[in-house]
Amino acid sequence: MSVLKTLPKQISLWDLNLFFLVGKLLSFNRAAQELGITPGYVTKCIHSLEKALDTKLFVRTTRQVMLSKSGEFFFIKVKDILGDVEDAILGVNALQDVTSGNVRISCNTYFGQHHLAPVLSLMERQNPGFNIWLDLNNQQNDLIADDIDIDIRIGSVKEPHLVAYKIATSFRVLCASPLYLKRHGTPLELDELRDHNCILYRPREESMGLWRLTDSRSATESKVKVKGTLSTSHSDVVKTWTVKNHGIALLPIWGIAPELASGVLVRVLPQYQQSADIIAVIKNQEKKTHLIRTSVDFIKTHLQASLPSVNSLHEQK
């Protein structure tokens with residue numbers, strides 16, 4: 001109790017969380033953007049915290065923000081405190097066995113419609129207390145601004161304030177219709193893709209027309225700049241155009257497995273592939289809540305069971 005009596009009343013859990021985010025990002029502006037507040041408000045809160053502690057926590061210049069010696073010490077302690085609070089919330093939720101509540105999930109349109117939606121249907125039936133909202137779009141969501149609990153992504157996660165859980169290993173592969181290859185020839189080297197009509201799709205994390213491909217034999221990555229007469233922001237449209245003999249496409253294995261199995265599409269340069277892992281992304285402060293953890297675990301278990309296995313890549317070589 002003596003420790004609690006010496007704790008300044010002006011300091012709240014919000015202040016500690018805000019300080020930790022600024023210290024992690026080393027930017028008042030970026031912290032403000034992540035929390036959806038103004039940089040001025042962040043500055044005001046940090047100044048109030050420094051006044052309560054009677055010390056400077058940050059050293060600010062026109063070019064950068066750094067933690068002071070006191071700030072470095074406080075950052076380590078606050079990290080432990082916030083971790084203890086999350087553990088306490090997890091413990092309380094576990095004791096209460098929280099199995100109800102609202103879960104807002106986002107995903108790109110094609111994957112969400114064809115693969116995630118059936119899993120969420122099953123999740124709702126097995127967890128009748130869940131209220132699930134699924135937002136399908138091909139733009140990268142801001143989990144805080146858009147009030148999203150779980151974002152299912154294809155590829156990597158670059159935002160430092162988010163927590164990512166790998167759901168399944170997957171790849172994009174090169175493919176074309178047999179008729180297209182009969183008319184235009186089958187490329188035998190990666191550079192030959194430049195001479196073909198390539199159907200262009202810009203997923204969330206890729207540049208238009210720049211394909212990064214890894215040679216599965218040597219694990220080396222190569223970049224090839226391709227061009228084509230057709231481009232779109234929807235992968236299902238790319239698939240349709242590929243089936244209709246328009247060119248060579250780079251598509252996820254889980255989106256074209258039936259077409260590869262039936263011969264409607266065939267692999268091109270089958271030794272090359274592009275990583276496209278399925279990832280569940282959540283907000284850092286929610287990483288241990290029982291409801292979110294249960295949802296992520298359910299999606300992981302059932303998506304892994306329903307998606308084509310990585311071994312199917314080798315079966316098509």
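Two residues count as being in contact here when they have heavy atoms within 4.5 Å of each other. With that in hand, V59 makes a good way into this structure, which is a predicted model. V59 sits in strand β1, residues 58-60. Setting aside residues up to four places away in sequence, V59 touches Q64, V65, M66 and S68. Going by C-alpha atoms, V59 and G71 are 9.1 Å apart in space and twelve residues apart in sequence. Is V59 buried, exposed or partly exposed? Its relative accessible area is 38%, and buried means under 20% while exposed means over 50%, so V59 falls in between as partly exposed.

Stepping back to the whole chain, the protein has eleven helices and 15 strands. Of its 317 residues, 45% count as buried. The accessible surface adds up to about 16,700 Å², and carbon and sulfur atoms own 53% of that. As for who meets whom, take the contacts with a separation of 6 or more: 74% of them join residues 24 or more positions apart.

Back to the strands, starting with β2, which covers residues 65-67 and includes L67. With neighbours up to four places away left out, L67 touches F19, G23, L26, L57, F58, E72 and F75. One of these, G23, is 44 residues away from L67 along the chain, yet the two C-alpha atoms are separated by 6.7 Å. L67 has a relative accessibility of 17%, and the limit for buried is under 20%, so L67 counts as buried.

L26, one of the residues that L67 touches, deserves a look of its own. Its place is in the loop between α2 (13-25) and α3 (28-35). Most residues other than glycine have a negative phi. L26 goes the other way, with a positive phi of about 50° although it is not a glycine. L26 is partly exposed, at a relative accessible area of 39%.

L269 also has a positive phi without being a glycine, with a value near 45°. This residue lies in the loop between β13 (266-267) and β14 (272-275). Where L26 is partly exposed, L269 is buried, with a relative accessible area of 4%.

Helix α4 spans residues 39-53 and holds E50. Is this glutamate buried or exposed? E50 turns out to be buried, since its relative accessible area is 8% and anything under 20% qualifies. Apart from residues up to four places away in sequence, E50 touches T55, K56, L57 and F58. Among these, L57 and F58 also turn up in the list of residues that L67 touches.

Another glutamate, E221, lies in strand β10, residues 221-225. Its relative accessible area is 52%, and the bar for exposed is over 50%, so E221 counts as exposed. Leaving out neighbours within four places in sequence, E221 is in contact with R212, L213 and T214. The C-alpha atoms of E221 and Y272 are separated by 9.0 Å, with their positions 51 residues apart along the chain.

What about cysteines? A search of the whole structure finds zero disulfides. A disulfide is a covalent bond between the sulfur atoms of two cysteines. C45 is buried, with a relative accessible area of 9%, and C107 is buried too, at 0%.

Finally, there is some empty space inside. Rolling a probe the size of a water molecule over the atoms shows where such space is left. A search of the whole structure turns up four cavities of 30 Å³ or more. The second largest has a volume of about 40 Å³. Which residues line the second largest cavity? They are Y110, S235, D236, K239, L251, P252, W254, G255 and I256. Three elements give two or more residues to this lining: α8 (235-243), β12 (249-252) and α9 (253-262). By kind, the lining of the second largest cavity divides into five nonpolar, two polar and two charged residues.

Definitions and conventions:
Residues are numbered from 1 along each chain as its sequence is written. This is a predicted model: local features need pLDDT of at least 70, side-chain atom pairs count only at pLDDT 80 or more; totals for chains, interfaces and linings use all residues. Side-chain values use heavy atoms; hydrogens and water are left out. Helices (H or I, at least four residues) and strands (E, at least two) are DSSP runs, numbered from the N terminus. Buried means under 20% relative accessible area, exposed over 50%, partly exposed in between (1.4 Å probe, protein chains only). Accessible areas come from the Shrake-Rupley method with a 1.4 Å probe; for residues, only the protein chains shown count as cover. A disulfide is a pair of cysteine sulfur atoms within 2.5 Å. On a 1 Å grid over the protein atoms alone, a cavity is a set of points where a 1.4 Å probe fits but cannot get out, and a pocket is an open set with protein on both sides within 12 Å along at least five of seven lines; lining residues have an atom within 4 Å of a point. Grid points are joined across faces, edges and corners, and a volume is the space filled by probe spheres set on the points. Ala, Val, Leu, Ile, Met, Phe, Trp, Tyr, Cys and Pro count as nonpolar, Asp, Glu, Lys and Arg as charged, and the others, Gly among them, as polar.
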